Amino acid sequence: MTAVQLASECAQQFAKRAEAYDRDAAFPSEDIDDLRDAGLLGLLVPERLGGMGAGFETYTDVATTLAHGSGASALVFNMHAAVTGALATIPDDLARQLGVPEAFFADRDRLLADAAAGALYGVAITEREAGGRLSAMRTTFAPEGDGYRLRGHKSVCTGAGHLDGYLVAARAADGTDEAPRVSYFLVAASDGLTVEPSWDPLGMRATASNGFRLDIHVPAAALIGRLEGLAVLLAYAMPQWLVASYASVYMGVAEAILAEALAYIGARAVAGQSAGLARVGFVRARLGRAEAQVAAARLVLREAGRSVDARPVDPETVRWVYRAKLLAGDAATEVATSCTEACGLGVLRRGAVMERLFRDARSGAVMPPSSDVCADVLGTAALGLDPVTGSDVRPW
Ligand SMILES: Cc1cc2nc3c(=O)[nH]c(=O)nc-3n(C[C@H](O)[C@H](O)[C@H](O)COP(=O)(O)OP(=O)(O)OC[C@H]3O[C@@H](n4cnc5c(N)ncnc54)[C@H](O)[C@@H]3O)c2cc1C
């Protein structure tokens, strides 16, 4: 069975549980068990380490398919994929050029092999003041004994309390605002990490994206790349796992909304209720516009996937990645608005599939970089301005 077929089987199970997990804003443990059993936690792990060895394009198909069953569970998967995908696909040559020592490659292989064996990772960047902007992080790291001490607070982390490892962004305690030396650490779940039950949002509720405090000693090997200050550099050069991975999830949500609207309006026509909604021209036109918007965003996402696989470090790939996030995030929100208007109140009762999808879709344009930030990055590039200094908005 292909990875996408496995994802499709998982999505069918996700759909059966989605309402309950959403209602309780609970972590979808059974869905993640399904992913683990299917081997999909190792999707991006090289075969030599026990994984499936897939690339970004396959990842986009898998995440989109999972989101057809549950956007929230697909987002948990996305966070895990962001960690494993970034680790697996940073070219060794680029890592060495950046000054990464040889010891990193063994660290990386161990983390990836653990993922293939079923370990679940997540990402902890967001802070209350900084949002997702890496250069504004307030969580700090400082040398301590044979490793580092991390101290700080993360306000949103998908799966917090349910993960085996957390990719934590932190700045050097002795850094300055001008040169913050922001780094990633892979922090194993432990007592030094105190989860705060703060998550009760509008949509994507079943991601259990609670905040946590951390005050913890980590070994030297926890510093990704064993080199300080890589995070912002990589975010500009290879933003795919911070940007276009979300696009896949919200693409799937947009497709699910369209499918739900088509089924509802088709059924209303067959049952002969009202005037038969399918016979109303502007209802059909809303569906037609939604269909075209979803198809267009899907094509751009596919191109982004192909570009990342073929040329992972390339300014044009970066532009495809931002285009995909912008179009998928906007498609989810706009298709949700238009399709619910076409269907009417019948799809908006509490507990209806469309009602959950509508709420989930709202997060697409909000998740970093927000649609406005993506558009600004693309406008800056189109004007030929420097991606870091050419705009007054720093995406990272
Ligand atoms: C379902 C869900 C799951 C999430 N899971 C995770 C997770 O696992 N890990 C994690 O780290 N985070 C996670 N987040 C948080 C997400 O990354 C944040 O929503 C994001 O970082 C933006 O932060 P904010 O919403 O607090 O917006 P704010 O930072 O308050 O910003 C508000 C708006 O203003 C814009 N803005 C403000 N100031 C600037 C500026 N200087 N430059 C550019 N734009 C600016 C932002 O783009 C945004 O649209 C999740 C969010 C959601 C909705």
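Biologist: What makes the Ser-370 side chain a polar contact of the ligand?

Modeller: One of its polar atoms lies 2.8 Å from an oxygen atom of the ligand. A polar contact is a pair of N or O atoms within 3.5 Å, so Ser-370 makes the cut. This is a predicted model, where local features need pLDDT of at least 70, side-chain atom pairs count only at pLDDT 80 or more, and totals for chains, interfaces and linings use all residues. Residues are numbered from 1 along each chain as its sequence is written, and side-chain values use heavy atoms, leaving out hydrogens and water.

Biologist: Which polar atom of Arg-133 lies by a ligand oxygen, and which of Gly-132?

Modeller: For Arg-133 it's a side-chain atom, 3.4 Å away; for Gly-132 it's a backbone atom, at 3.0 Å. The protein buries 68% of the 950 Å² that the ligand exposes when taken alone (Shrake-Rupley areas, 1.4 Å probe).

Biologist: Why is the ligand said to lie between domains?

Modeller: Domain 2 (121-229) and domain 3 (243-382) both give residues to its shell, so it lies between them. Those bounds come from an automatic or database assignment.

Biologist: How many residues surround the ligand, and what makes one count as near?

Modeller: There are 22, with Val-123, Ile-125, Thr-126, Thr-158 and Ser-370 the closest. To be near, a residue needs a heavy atom within 4 Å. The shell divides into 13 nonpolar, seven polar and two charged residues, with Gly counted as polar.

Biologist: What makes the Pro-368 to Pro-369 bond stand out?

Modeller: That peptide bond is cis, with omega near -15°. Most peptide bonds are trans.

Biologist: And what is the phi of Met-204?

Modeller: Met-204 has a positive phi of about 50°, although it isn't a glycine. Most residues other than glycine have a negative phi.

Technical notes:
A polar contact is a pair of N or O atoms within 3.5 Å; within protein, one must be able to donate a hydrogen and the other to accept it, and residues adjacent in sequence count only if both atoms are side-chain atoms.
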